[in-house]
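Biologist: I am new to this structure and would like to be taken through it. Could we start with a helix and then move on to the strands?

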Amino acid sequence: MATHSPRDFVRVNDLLLHARLEDGTRWPSPQDPQPQPVLLSVSLVHDTRRAAEVDCVKDNIDYDALSTLLLSKYSQSIAILPSLEALIDRIAETCFEATPAEELHIVAKKTKGAVDSAVGIESLRFKDGRSLSEDRYFIEGLQCSTIIGPQPLERKATLGLEATQFPGIGAFHTQCIDSVTVRAQKPNALIHAEAPEIEISQSLADYRQESESSVIDAETKSLLSPYSPHATLSGLLRQVAPELYTRSQVTHTVALGLGSNLGERFANIELALRLLETPDVLDPQTIPNLVDNPQISITDTSFMYETAPMYVADRPKFINCASLIETNLEPESLLAVLKKIEQAVGRVPSTLNGPKAVDLDILTYDSGVIDTKPAQAKGDLSNLEGHFILHPRIAEREFVLRPLADMIPDYKLPTSTKSIARLLKELEASSREDAAHMYKVIPFPRYAGSDTEPPTSSSSDGVKLPAVPATERSWKYPSTYSPGSKLGRSKTYIMAILNATPDSFSDGDTHNTPEAALKYAMSSVQAGMDILDIKGYSAKPNAPFVSPQEEIDRVLPAIRAVRSVNAGAADGNADDFENLRNALVSIDTFRPDVAEVAIRAGANCINDVYAFVGQEYPVKESSAEHFLRMRKLARNLAVPVVLVHSAGDSGNKKDYSDYDYAHDHKVLEGIRVELGEKVEAAVRGKGGLRRWMVIVDPGVAFSKSWEEDLAILRNYANIVSEYRGRRERNPLAGYPLLIGTSRKGVLGHVLEQPDRDGAHPGRQTTPGERDWATAAAVSSAVLQGAIAVRAHNVQGIAEVFRVADALWK
């Protein structure tokens, strides 16, 4: 028997209240506002089945009693409420207290608004306090006289307007409008119809490209529009950790440029960033004019780039990136802090444009112009010694513009009318064809295989240096990519799959002993593996529960075996053993405890199929707490993370109909929005990961039908394209893609289908029989610019990559 889904409604429509509201009335008397008419409609989600089955009225909602209660509490009441939003909050509380409903839809409309039209709010509320979708603000019946059309009579026409606005998350009543829909009618313009009408919809992104002139507040940017009826992660994070999302009223937003081309370049950058948030560098005895309670918080970072020296060609290559910080320091004090950090990391006096352990520059400071040179010398860049000018050559330096464009593409330099994104495009267009290409890079740290922290030390002036791991190796990939381009050629990396589990969908208990794991790892290294992904908890549908300790007991022996392998443990020569001991290892887990043990034992990366939120779906408060634990761990350990798009158990097929509006395919938009929200929450805000440490995986076969999986396979590149639609920026833009299609069920479904002409009837296959099909799928991934692909059969996929890379990359 089919189960009954409780989506019945009990409604009270157009209940007329006379509420005393302070805002937006034509009776502006804040001290004693007069009651104003408000039309209220409430829809309560309530399962009416029991009342129908037993013919019992008490199991239903008494709408008459509810109406009477609302009238008595809020109509002609002596209580004064500050706004219509506050009235909706109070009404929602009353409805949930008086009825068994768990979900409530409210429309409250002022019929006598201050703009000679009706204004109102539509809101969805839940009994547990969540507000999980956008509140809709609307204006109805606004009339204005204007000139539309060529006829003389039309110069006196009246235009009827209706506007619908969608702000941010309703629970926080943010003032940032994401999109607006306007409908305009010309009454009496047509004889045989009521009126012609035009409807136009535009989003804030349509205007940001050319009009925004200040650094985007990282906190505001992290509030993505929730296209799902479930709780948004960004909203839940603000509930469980409000201190991470509270911005001081006196805080400045500053963009910093960072570079290094000496020594441990990646570790130098990470050390400098950690020192920014270290109290030792904020010593009033060494920093002039330091404010009381000095503070610096990193709120965003760019991707990381490897760049050729710009002015002196024979210098080592630079690592460049940028960061956004919030601080209450004035420019001169902040500059002194940066110089102190440069010295602590190891920078010594050098020639202009010479090698540097680390170089820190203030690129923007709010929206101001700073130049300490005398008036007669301003604009002269020949001698800057002893003076402070906000980075004077931003517009000519790709290694500065590109990192800024990752974080604040719409920011306009105070001395320019063009956005960072526009300046970058113009610089790209004017570059020589033989110009050195910038590559994005991902550093993988090296851990000694012990439980101890990396050693700490102090700088020459006594600043305690935070522990930062050395770098094992790095991956690089093009900053921009198009198939067949001569610029930005790179390889595709292979992630070998080692399932240390007895119940993997593909290889069962084949590799779940240290000896078998070591044999597979060695053969994968010999075949050309770039990273070994070790899993101790199967992600197949309805997989049996595995305790954290059991998961550790499965993966730890495999990691230790790889890190300590000696001659004779497997077939191979001395170079093979050395390569295996130094191979990159990824721990495939969603648990912070398992991840930490694995990293301390020698793993270099975290691969999380739930993108830090854990197994629960939809996300809830515990999901946000889990997210923060994983994020903190990954940031402290300075390891790259793979964040996979999924929705709970991989066998639960998710409904993507909320994204039917997508310009390409709804599942692609679902990934961009849902995984994009998690990535934004991971990277932006206080305590966020470095952007260059995040790899995204669209989650083929995770909570998707095989038709949706095929849409992903055809359109990998669209998942990380610059825009989601015509002008709306994609939160996943520019992130490296890892693709996992090896032996997946979607390939089996394709192979089961008969040919169109009936020449082949199709056949059922086991996972182990799908390596040829996998080869076709990963070849498509290479064509579309994937940085890495997961593989069971490393030898076969390595050969596919050699040919595909030669053709397209």
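Modeller: Certainly. This is a predicted model. Helix α7 covers residues 265-276, and at 1.5 Å a residue its 12 residues should span 16 Å. The end C-alpha atoms of α7 are 17 Å apart, which agrees.

Biologist: How many residues of α7 are buried?

Modeller: 12 of the 12 residues are buried, so α7 is largely enclosed by the rest of the structure. Among them are Arg265, Asn268, Glu270 and Arg274, as well as Phe266, Ile269 and Leu273.

Biologist: What counts as buried here?

Modeller: A residue is buried if its relative accessible area is under 20%. Of the protein's 809 residues, 53% count as buried.

Biologist: Changing topic, how many helices and strands does the protein have?

Modeller: There are 21 helices and 25 strands. An open sheet is formed by 8 strands with parallel pairing, in the order β23-β22-β21-β20-β19-β18-β25-β24.

Biologist: Which strands stand at the edges?

Modeller: Those are β23 (694-697) and β24 (738-739). Each has a single partner strand, so one side of each is left without a neighbour in the sheet.

Biologist: Let us look at β20. Which strands does β20 pair with?

Modeller: Strand β19 (residues 531-535) runs parallel to β20 and is joined to it by 5 bridges. Here leucine 532 stands opposite valine 585 of β20. Strand β21 (residues 605-608) also pairs with β20 in the parallel sense, over 3 bridges. In that pairing, isoleucine 587 stands opposite isoleucine 606 of β21.

Biologist: Are the residues of β20 buried or exposed?

Modeller: Strand β20 spans residues 584-588, and 5 of its 5 residues are buried. In a regular strand the side chains alternate between the two faces of the sheet. Both faces of β20 are covered, with Leu584, Ser586 and Asp588 on one side and Val585 and Ile587 on the other.

Biologist: And what lies between β20 and β21 in the β-α-β unit?

Modeller: Helix α14 (residues 592-601) does; together with β20 and β21 it makes a right-handed β-α-β unit.

Biologist: Where does β21 pair next along the sheet?

Modeller: β21 pairs with strand β22 (residues 641-644) in the parallel sense, over 3 bridges. The bridge partner of asparagine 607 is valine 642 in β22.

Biologist: Finally, what is the accessible surface of the whole protein?

Modeller: It comes to about 36,200 Å², of which 51% belongs to carbon and sulfur atoms. As for contacts between residues at least 6 apart in sequence, 69% join residues at least 24 apart.

Conventions. Residues numbered from 1 in each chain as written. Predicted model: local features only at pLDDT ≥ 70, side-chain atom pairs only at ≥ 80, totals over all residues. Heavy atoms only, no water. Buried < 20%, exposed > 50% of the residue type's maximum accessible area, 1.4 Å probe, protein only. Helix = DSSP H or I, 4+ residues; strand = E, 2+ residues; numbered from the N terminus. Pairing = 2+ DSSP bridges. Right-handed = clockwise from strand over helix to strand, strands pointing away. Contact = heavy atoms within 4.5 Å. Areas by Shrake-Rupley, 256 points an atom, 1.4 Å probe, with all protein chains shown as cover. Expected span 1.5 Å × (residues − 1).
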